[in-house]
Every structure is written in structure tokens, then in C-alpha cells.
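User: Could you take a close look at the sheet in this model for me, strand by strand, with its turns and whatever lies against it? I'd also like to hear how far the model can be trusted before we get there.

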Amino acid sequence: MTNSDNTNAISDRDIEIREVGLDELPVISRMNWTLFNERRIINRFDRADLMMLVAYADGDPVGFKVGYGKADGVYYSAKGGTVPLVRRRGIARILLDEMIDRAIKLGYQRFAFDTFPSLHVGMTLMAIDAGFVINGVDYSESMNAYRFRFIRDLVPPEDEASY
Ligand SMILES: CC(C)(COP(=O)(O)OP(=O)(O)OC[C@H]1O[C@@H](n2cnc3c(N)ncnc32)[C@H](O)[C@@H]1OP(=O)(O)O)[C@@H](O)C(=O)NCCC(=O)NCCS
């Protein structure tokens with residue numbers, strides 16, 4: 001961080017979201033390793049409407065979100081997170097909102113992601129706070145945990161205004 005001697009000084013104004021291409025995968029790879037301790041980001045990148053967003057705070061990458069289109073008008077957020085030093089400053093929510101806005105513009109009707117409530121409590125609480133509902137639960141042997149599928153209808157801005 002360049003604008004402060006204290007990471008608590010990060011505000012929404014300091015955060016910039018950039019959509020990046022495959023040439024910038026190393027930036028995401030480094031954060032992915034820090035957050036998940038694994039080399040795999042997602043299984044495949046040859047996906048419909050692949051979207052890779054990176055959050056920068058004063059030029060430093062501090063979070064990411066990778067998503068792609070699925071069948072039946074669903075846009076799926078496959079992976080993401082915020083580096084530990086700058087958590088609870090709204091960065092994951094900004095990334096989520098940005099991906100949702102872009103998915104609406106791409107014409108998707110619903111937005112979904114999977115998470116493991118026992119492993120990723122913050123993501124689970126953010127899902128509920130952001131209006132997602134659970135529409136599936138299964139058990140992952142490899143993670144030794146239950147996986148929840150969260151989903152939300154996407155409301156185009158003109159419809160939202162009339163609420
Ligand atoms: C979950 C994660 C992405 C949240 O990132 P973040 O930038 O700190 O999240 P935000 O500051 O945008 O929080 C948005 C909301 O999510 C919820 N939330 C996030 N982290 C939380 C936590 N640790 N405890 C409780 N609620 C939390 C809150 O509702 C929060 O809003 P609030 O701060 O106004 O209460 C981050 O903790 C992370 O990267 N965790 C490890 C990887 C991970 O879980 N990835 C998701 C896998 S599906």
C-alpha cells in the first residue's frame with residue numbers, strides 16, 4: 001500500500017477492479033496460492049464468457065474473482081478471495097457486485113456459486129447478506145465437508161429502479 005502507514009486506511013475509493021486476461025494469470029496464481037494453498041485456480045479456462053476480475057488497492061493486487069457462463073442462463077463464480085491483510089473492508093463484496101453487474105450486461109438471468117460453510121464462513125455469510133438462497137447441498141469426500149450451492153436471480157438495473 002502506498003497511501004498509508006496502516007492497511008485499515010483502505011476504503012472503497014482506493015479499490016480498483018480490473019478485468020484481466022489469461023496473460024495476467026500469474027497475478028491470480030499468487031493470490032490463489034496464498035488463499036487456497038493450491039496451484040489449480042479452476043479446472044479449465046476454455047469457458048463461455050470467462051471473466052477474471054482482480055481488485056487492486058493502490059496498485060497492489062488484493063483480491064480476485066473468476067467466473068464463467070453455464071447452461072440455463074446461470075453465471076457461475078468459480079473461485080475468489082481477498083488476501084488476509086485487507087479483509088472485512090468490502091473487497092469481496094465489490095468483486096461480487098462487479099461480477100454480477102457484468103453478468104447482467106452479458107444477459108444472464110441467475111448467478112450462482114458453491115462454498116463450504118464449515119471452511120468458508122465469511123463467504124457463506126456474504127452470500128446470505130447479498131440475497132442468495134441455497135438450492136443444493138452435497139458432501140465432498142475430498143474436502144471432507146458439505147458444499148452449499150447458492151443462487152440468486154439477477155435483476156436488470158431498470159427493473160431494480162422500480163422496486
Ligand atoms: C470470504 C472472503 C472472500 C471475504 O472477503 P472480504 O474482502 O474480507 O469480504 P468483505 O469485506 O467484502 O465482506 C462482505 C461481507 O461478507 C461477510 N463476511 C466476510 N467475511 C466475514 C467473516 N470473517 N465473518 C463474518 N462475516 C464475514 C460480512 O457480511 C461482510 O459484510 P460486513 O463486513 O459489512 O459485515 C475472504 O475472507 C477470503 O478470501 N476467505 C478465504 C477464501 C474464501 O473463503 N473464498 C471463497 C471460497 S467460496
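Analyst: Residues 1-8 are the place for caution in this predicted model: pLDDT stays under 50 there, and the model has 12 contacts beyond four places in sequence for this stretch. The protein chain as a whole averages a pLDDT of 90, and 87% of the residues score at least 70.

Happily, that leaves us free to turn to the sheet. The protein chain has 4 helices and 7 strands, and along the sequence these follow the pattern β-α-β-β-β-α-β-α-β-β-α. An open sheet of 7 strands takes the order E1-E2-E3-E4-E5-E7-E6, and its pairing is mixed. At its edges lie strand E1 (15-19) and strand E6 (133-140), each of which pairs on one side only. On average, neighbouring strands of the sheet are turned by 25 degrees against each other, with direction ignored. Helix H1 (residues 25-36) packs on the sheet, where it touches strand E2 (51-57), strand E3 (60-69) and strand E4 (74-82); the direction of H1 makes about 100 degrees with that of E3.

Let's walk through the pairs. E2 and E3 run antiparallel to each other over 7 bridges, and one of the matched positions sets Met51 against its bridge partner Gly67 in E3. The hairpin of E2 and E3 has 2 residues between the strands, and Asp58 in this hairpin takes a positive phi near 50 degrees.

E3 also pairs with E4 in the antiparallel sense, over 7 bridges. Here Gly63 stands opposite Thr82 in E4. These two strands form a hairpin as well, with 4 residues between them. Asp72, in the loop between E3 and E4, has a positive phi of about 60 degrees although it is not a glycine. Most residues other than glycine have a negative phi. Asp72 counts as exposed because it has 7 other C-beta atoms within 10 Å, and a residue with 12 or fewer falls in that class.

Before E2 comes another aspartate worth a glance. Asp49 is found in the loop between H1 and E2, and this residue, though not a glycine, has a positive phi of about 50 degrees. With 15 C-beta neighbours inside 10 Å, Asp49 is therefore partly exposed. For the protein chain overall, 24% of the 163 residues count as buried.

At the other end of the strand order, E6 pairs with strand E7 (residues 145-153) in the antiparallel sense over 7 bridges. Ser140 stands opposite Ala145 in E7.

The sheet also has a part in the surroundings of the ligand. A shell of 19 residues surrounds the ligand, and the closest are Gly81, Arg87, Ala92, Gly122 and Met126. Two or more residues each come from E4, helix H2 (91-105) and helix H3 (121-129), with H3 giving the largest share, 6 residues. By character, the shell divides into 7 nonpolar, 7 polar and 5 charged residues.

One last number concerns the chain as a whole: among contacts between residues at least 6 apart in sequence, 60% join residues at least 24 apart.

Conventions
Residues numbered from 1 in each chain as written. Predicted model: local features only at pLDDT ≥ 70, side-chain atom pairs only at ≥ 80, totals over all residues. Pairing = 2+ DSSP bridges. Axes fitted to C-alpha atoms, helices over the stretch in contact; angles between N-to-C directions. Contact = placed C-beta atoms within 7 Å. Near = placed C-beta within 6 Å. Nonpolar A, V, L, I, M, F, W, Y, C, P; charged D, E, K, R; others polar. pLDDT = per-residue confidence, 0-100. Buried ≥ 20, exposed ≤ 12 C-beta atoms within 10 Å, placed from the backbone.
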